[in-house]
Amino acid sequence: WTGFNVGVYGAALALDGHYDATPLCGGACVILDPEMSGIGYGFGARAGFDYQWDSFVWGIQGDWTFGGEIATNDDPSEATYLDVNHLATLRARAGFAQDNTLIYVTGGVAMAEMEFGGLVGPASEDVSDAQWTYGWTIGGGIEHAFSESLTASLEYLYIDLDDTEHTLIDSGGIGGTVNMMYNDMH
């Protein structure tokens, strides 16, 4: 397991969150804490370095995910959506190797570019705003080496992100802010 590694992957992204749009409509509407949860998909690339000592393997892993839409709210009075444009982690990992199989735990920092959008103003103009948010991640996985240069793995990550504030203003200057709160991401 000692050495550098690079690879590609596919991911399912599940988000549990909610938002407060009261500032958007200046208190004239009642849009308090609507749910903004869902499942989206992404793909990405990863790179890292591992070192094996007896059966113990430790290393560092970084990845970058390109995502897309993860949640929508199709209620005509809200008509909002949330996209995960990018998700990246930098993590330490440690585990035990048994022959060609590695079982490991991992943890580190996470960052994501989240884009919140919706219909704003009397003309129901589609407006969005992307913001970066930061947090931490922890998880684990199993990786199997089919040869010295080919492995496959299955990994789970729990991600905790800071809340974001998105400014949505239409071309007529009508709008305000939306506070997006992330309960958790998997």
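## Salt bridges at a glance

A salt bridge here is a side-chain nitrogen of Lys or Arg within 4 Å of a carboxyl oxygen of Asp or Glu. By that yardstick, a search of the whole structure turns up five of them. Keep in mind that this is a predicted model.

## Arg46 and its partners

Let's start with Arg46, which pairs with Glu143 at 3.2 Å between the closest N and O atoms. Arg46 sits in strand S2 (residues 38-53) and Glu143 in strand S7, so this contact ties together parts that are 97 residues apart in sequence.

Arg46 counts as buried because its relative accessible area is 17%, under the 20% cut-off. Glu143 is buried too, at 3%. The pair also belongs to a salt-bridge network that links Arg46, Asp50, Arg93 and Glu143.

## Arg91, bridged to two acids

Arg91 forms a salt bridge with Asp63, with the closest N and O atoms 2.7 Å apart. That joins strand S5 (residues 80-98), home of Arg91, to Asp63 in strand S3, 28 residues away. Both Arg91 and Asp63 are buried.

Arg91 also meets Glu155 in a salt bridge, at 3.3 Å from N to O. Here the link runs between strand S8 (residues 151-161), which holds Glu155, and strand S5, with the two residues 64 apart. Glu155 is partly exposed at 33% relative accessible area, whereas Arg91 is buried at 3%.

## A nonpolar patch on the surface

Now for the outside: Phe43, Trp64, Phe66, Trp132 and Tyr134 make a nonpolar surface patch of about 520 Å². Strands S3 (56-66) and S7 (125-145) each chip in at least two of its residues. One of the patch members, Trp132, lies in strand S7 and is partly exposed, with 33% relative accessibility.

Definitions and conventions
Residues numbered from 1 in each chain as written. Predicted model: local features only at pLDDT ≥ 70, side-chain atom pairs only at ≥ 80, totals over all residues. Heavy atoms only, no water. Patch = residues over 30% accessible without salt bridge, like charges linked within 9 Å, V, L, I, M, F, W, Y side chains within 5 Å. Areas by Shrake-Rupley, 256 points an atom, 1.4 Å probe, with all protein chains shown as cover. Helix = DSSP H or I, 4+ residues; strand = E, 2+ residues; numbered from the N terminus. Buried < 20%, exposed > 50% of the residue type's maximum accessible area, 1.4 Å probe, protein only.
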